[in-house]
Amino acid sequence: MDPDFWHQRWQENKIAFHEVEGNALLSSHFHLLSLQEGDRVFIPLCGKSNDIGWLAGQGCRVVGIELSQAAVEAFFAENGLEAEVSRVGGLRRYRSGPIELFAGDFFKLSKELLGPVDAIYDRAAMVAMPERMRTSYAHHLAKVSGNAPQFLITFDYDQSQTEGPPFSVPAEAIDRLYAGIYRREPVASVKIAGPLAERCSGTENAWLLRP
């Protein structure tokens, strides 16, 4: 996906993917990750998601990466947080309490920069990737996180109904992408709702991916 596409979406505030109330599948099934207080959760392509604050409120340390610097800065501003900002490895790092967000290219994030990860929460990254980019994305995510367990949310719909993003990523696609890395466990499936439901019908699915 052309980075300019996402920068323009944030600049024009065309962010229908942003969930004001946070994700219900996460809040309902978060306990399945069996995390302890202080564990570190990584959110790829985190935007300014309210799930960041929700996870921090559960006692987690949260680290995310987002292409749009404007989105990262909006998260801290909208939550009344003052961040310490530094440049590391071609990325900008914002820190405030248990929250650490990187602004920049996901593929520039190294295992050393990311640090130890106890779990991954992927709601908006896999489904934002066109098919040609998914293998590179999945392998890089597994590499930098040390194959940390994932709480993954995807959509499954007839791709001919509408163009992505978000793209349809059916179960068999997940199995191909993470073959030999993760085993997939179904958690929940609900009808697509919100703005996407105006474009197509299908399901929003939550999965646990365990190494």
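**Exercise 1.** In this predicted model, decide whether tryptophan 54 is buried, partly exposed or exposed.

*Solution.* Tryptophan 54 has a relative accessible area of 27%. Buried means under 20% and exposed means over 50%. The value for tryptophan 54 therefore makes this residue partly exposed.

**Exercise 2.** Classify the pair of rings formed by phenylalanine 30 and tryptophan 54, and state where the two residues lie.

*Solution.* Step 1: a search of the whole structure finds 7 aromatic pairs. Step 2: in the pair of phenylalanine 30 and tryptophan 54, the ring centres are 5.3 Å apart and the planes stand at 90 degrees. Step 3: planes over 60 degrees apart count as edge-to-face, so this pair is edge-to-face. Step 4: phenylalanine 30 is in the loop between α2 (24-29) and β1 (40-44), while tryptophan 54 is in helix α3 (residues 50-57). The pair links distant parts of the chain, 24 residues apart. Step 5: phenylalanine 30 has 13% relative accessibility and so counts as buried.

**Exercise 3.** Classify the pair formed by phenylalanine 106 and phenylalanine 107, and give the burial of each residue.

*Solution.* The centres are 5.2 Å apart with 75 degrees between the planes, and the pair is edge-to-face. Phenylalanine 106 has a relative accessible area of 5% and is buried. Phenylalanine 107, at 33%, is partly exposed.

**Exercise 4.** Describe the largest nonpolar core and the contacts of phenylalanine 42.

*Solution.* Step 1: in soluble globular proteins, nonpolar side chains tend to be buried together. Step 2: the largest nonpolar core here has 37 residues, and Phe42, Met126, Tyr137 and Tyr178 touch the most other members. Step 3: the elements giving two or more residues to this core include β2 (61-66), α6 (131-145) and β7 (150-157). The most comes from α6, with 5 residues. Step 4: leaving aside neighbours within four places in sequence, phenylalanine 42 is in contact with residues including Val63, Ile65, Phe106, Leu114 and Leu141.

**Exercise 5.** Describe the surroundings of threonine 154, and find what sits over the ring of tryptophan 207.

*Solution.* Step 1: threonine 154 is placed in strand β7. Step 2: its relative accessibility is 0%, so threonine 154 counts as buried. Step 3: not counting residues up to four places away in sequence, threonine 154 touches Val127, Val169, Ile174, Thr203, Glu204, Asn205 and Trp207. Step 4: the side chains of threonine 154 and tryptophan 207 are joined by a polar contact of 3.0 Å. Step 5: over the ring of tryptophan 207 sits the charged end of arginine 184, 4.7 Å from the ring centre.

How values were computed: Residues are numbered from 1 along each chain as its sequence is written. This is a predicted model: local features need pLDDT of at least 70, side-chain atom pairs count only at pLDDT 80 or more; totals for chains, interfaces and linings use all residues. Side-chain values use heavy atoms; hydrogens and water are left out. Rings of Phe, Tyr and Trp (its six-membered ring) pair if their centres lie within 6.5 Å; planes under 30 degrees apart count as stacked, over 60 as edge-to-face and the rest as tilted. Helices (H or I, at least four residues) and strands (E, at least two) are DSSP runs, numbered from the N terminus. Buried means under 20% relative accessible area, exposed over 50%, partly exposed in between (1.4 Å probe, protein chains only). A charge sits over a ring if NZ of Lys or CZ of Arg is within 6 Å of the ring centre and within 35 degrees of the ring normal. A nonpolar core is a set of buried Ala, Val, Leu, Ile, Met, Phe, Trp, Tyr and Cys residues joined through side-chain atoms within 4.5 Å. Contact means heavy atoms within 4.5 Å. A polar contact is a pair of N or O atoms within 3.5 Å; within protein, one must be able to donate a hydrogen and the other to accept it, and residues adjacent in sequence count only if both atoms are side-chain atoms.
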